[in-house]
Amino acid sequence: MNVLNLSDPRVFQDAEQADMLGGGLEKLCTFAESAAALRTALETLVSLGDENTERRAERMMRQLETFEPSVTMIGQIKSGKTSLVNALIGAPDLLPADVNPWTSVVTSLHLHPEDPGFENSASFRFFDEDEWDRLISGGGRIGELASRAGADEELEKIKEQVAAMREKSRVRLGRRFEVMLGQQRDYGYFDKELIERYVCLGEDLDETEDAAADTQGRFADITKSADINMQRAGLPMRLCLRDTPGVNDTFMMREQITIRAIRDSRICVVVLSAHQALSSTDMALIRLISNVKSRDVIIFVNRIDELSDPASQIPQITQSISETLKKHKGPAEAEVIFGSALWASYALQTHLEALPTSSIRALQNLMQADAEAPSGVDAATTWRLSGVPALQDAIAERIVQGSGAATLQRIGSSAKNLAAGLAAADRIGAMDASLRTTTALTSAEAHELMDQLCARHKAALASEFDALLAAFAERMERVQDSFLERATASLVEHLDLYGAQGAWSYDPAGLRVLLSASHKVLARKSQSAFEQATKAAAAEITDIYGRAFSLAAGDFGIALPRAPQVPDPVSLGRTIALDLTGGWWKRWWMQRRGHKAYASSFYDLIKSETTPVIADLRDDLAQTVRDNACARFDAFLKEQLAVFASLDRMQQASPEELSKYVAKHTPRDRRVLLEETLATLEEYATS
């Protein structure tokens, strides 16, 4: 037996750290308890059913165990975002925060509850050759824009920078440069040095250095993604934090990758610096979060330890952020939390005596305005005022009410149908043999009807979604054409009044608003189509069950799946030419002669800029909506086919087979277990 040495100060430090890290996770603990109760119900179904039931219940248990909600962290460069992520994972020095990462790497931290048998691991995936060429050649999005706009001088500068970047990559990687593209490296461990090798700004090598050395940033140029698997004290369930690079880089290389990361997560945490909070210069950031539901956006204002008077400055910053979001149509209802990753880091390491003097003054300033704060500075108070517990609570609440609730409902409704099938099978098994075989439909007829029903309803839903997507594409095309006509007309009017020398701009916000409205129509109609399809199919299935197995309508209630969540239109935040105010864009005007040349060139440029946004919504997002809905509907029908097959086997079972089926439990125990399990699952299915 292992005995703790209570004289060892590290014991108290570890216990205190675990206690701090658990702060704000109470809602996740409650969710974990609900998930455990659902798992217990599934285990009961395994004990009551046949092999088919066991396989299905175990598959649901695996889905429950592997549920991993994700949170994407985005923010301004130098906002302390990575330091905040380090505090959230309970490892203050793991991800390198004292260097300036430039790469397109999204680092996914897969956090696991503490388990003695768990082993840390890390995986790094490299861009393939085509991806890397698209990312680098032409100077990224800025180069693409400059090329289309004909800004030759600016384009040449960008190409020179890119050529230098490519050459540095080749020097750093040597002969392995091309070989490594498209590959993946897996490790059974990780540490700070390993991570730095793949995700940080690399140091330039001089002629005397070995190009093969594993220096900082050696592989960062070609690293596409990093996945770290680690344990996290105090965490009751799995959780993924995605740390993204800043979005305001020179070539906009990171923008599309960050957009994908946000789209893959239901929750987005925007990290700002208290010194710059949020301003019109952060329009790229505002555009990204404007297309995420306000409820799923959390704004964390970091570095309040650098404020001279945080108690009075925080309300002012809050008002400034609110006004900026309102002015630029951002997520006005997003929750705003203030804190300090520095305080959190020092609290976790219990090194408060090493805090900078100015930081301690800021902490004491807040403590004086906090009725709960003690007279002296301690780790627990510093951790609380760091804002990390409040951030954890905000994240936990959104998980529990969002993807967590959806997951429990989805698995609970499937399990409820499985349990209802077992209860119906028991009723059939209890019937007299003559009654079991005297039904309105023969087994063959019922099988044929079920097969026809599934094929017909699947085809109908697919056809309905084809029509929805076609209407969606047509509506977006009309929106784009209308926008281009209005913008071009505005430009021509400006030229008539002021000529080519006058300043002119056109806000693309109107286009985004109309495209967002089209997305909302798609979301509403797709969910309605899914609900109608499941209701219609369930009604027919219930009728077949009644006629094939002599079951009354009340004997078998089918729990309906909910429509899959429609992804937010995050790609609407993509930067387009009209969002930019650079010198090259102004010089564009000077290269045209005559109103028609202006209007024609402008129309072609903005159409080329907006078409990829339209295509992403039409070909990616909308197609995902269709595929997810059809896949979930297909899973629902397969689930009912499996239930039908179980009932049919019971209908045809011999007395010996019936006896073997119920041998695990006495009839009374079995009935009580099923009733209790059905009642439990009903709560999940209807929540």
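In the sheet, β1 and strand β7 (residues 267–273) run parallel and are joined by five bridges. Within this pair, valine 271 of β7 stands opposite glycine 75. Helix α9 (residues 192–199) packs on the sheet and touches β2, β3 (121–126), β4 and β5 (223–231). The direction of α9 makes about 10° with that of β3. Helix α11 (residues 283–290) also packs on the sheet, where its contacts are β1, β7 and β8 (297–302). Between the directions of α11 and β7 the angle is about 160°.

These features belong to a predicted model. The chain has 687 residues, and 51% of them count as buried. Its secondary structure comprises 23 helices and nine strands. Among contacts with a separation of 6 or more, 84% join residues 24 or more positions apart.

The sheet as a whole is open and has nine strands. Their order is β4-β3-β5-β2-β6-β1-β7-β8-β9, and the pairing is mixed. At the edges lie β4 (184–187) and β9 (335–338), each of which pairs on one side only. From one strand to the next, the twist averages 20°.

Strand β6 (residues 239–243) sits between β2 and β1 in the strand order. With strand β1 (residues 70–75), β6 pairs in the parallel sense over four bridges. Here threonine 72 stands opposite arginine 242 of β6. With strand β2 (residues 106–112), the sense is antiparallel, and five bridges join the two strands. In that pairing, leucine 111 has leucine 239 of β6 as its bridge partner.

How many of the residues of β6 are buried? Five of five are, and the strand is mostly covered. The side chains of β6 divide between two directions. Leu239, Leu241 and Asp243 point one way, while Cys240 and Arg242 point the other way. The residues on both sides are buried, Asp243 and Arg242 among them.

Strand β6 also contributes to an internal space. The structure holds five cavities of 30 Å³ or more. The largest of them contains about 100 Å³ of space. Its lining consists of Leu25, Leu28, Leu88, Leu111, Arg232, Leu235, Leu239, Leu241, Gln392, Ile395 and Ala396. Two elements, β6 and α16 (388–430), give two or more residues to this lining. The largest share, three residues, comes from α16. By class, the lining has nine nonpolar residues, one polar and one charged. Leu239 and Leu241, which line the largest cavity, point one way from β6 together with Asp243. Leu111, also in the lining, is the bridge partner of Leu239.

The second largest cavity has a volume of about 60 Å³. Thirteen residues line this cavity, and those nearest its centre are Ser526, Pro564, Val566, Val625 and Ala629. Helices α19 (509–549) and α21 (595–652) are the elements that give two or more residues to its lining. Helix α21 gives the most, with four residues. The lining divides into eight nonpolar and five polar residues, with no charged residue.

An open space was examined as well. The second largest pocket has a volume of about 900 Å³. It is lined by 32 residues, with Arg266, Ser403, Pro564, Gln565 and Arg632 nearest its centre. Each of α10 (253–264), α16 and α21 supplies at least two residues of the lining. The lining comprises eleven nonpolar, ten polar and eleven charged residues. Helix α16 also supplies residues to the lining of the largest cavity, and α21 to that of the second largest cavity. Pro564 is among the residues nearest the centre of the second largest cavity and among those nearest the centre of the second largest pocket.

One polar residue was followed individually. Asparagine 86 is found in helix α4 (residues 81–88). Is asparagine 86 buried or exposed? It counts as buried because its relative accessibility is 1%, and buried means under 20%. Leaving aside residues up to four places away in sequence, asparagine 86 touches Ala91, Pro92, Asp93, Leu94 and Leu95. Leu88, which belongs to the residue range of α4, appears in the lining of the largest cavity.

Key
Residues numbered from 1 in each chain as written. Predicted model: local features only at pLDDT ≥ 70, side-chain atom pairs only at ≥ 80, totals over all residues. Heavy atoms only, no water. Buried < 20%, exposed > 50% of the residue type's maximum accessible area, 1.4 Å probe, protein only. Pairing = 2+ DSSP bridges. Axes fitted to C-alpha atoms, helices over the stretch in contact; angles between N-to-C directions. Contact = heavy atoms within 4.5 Å. 1 Å grid on protein atoms, 1.4 Å probe; cavity = no way out; pocket = protein on both sides within 12 Å on 5 of 7 lines; lining within 4 Å. Points joined across faces, edges and corners; volume = space filled by probe spheres on them. Nonpolar A, V, L, I, M, F, W, Y, C, P; charged D, E, K, R; others polar.
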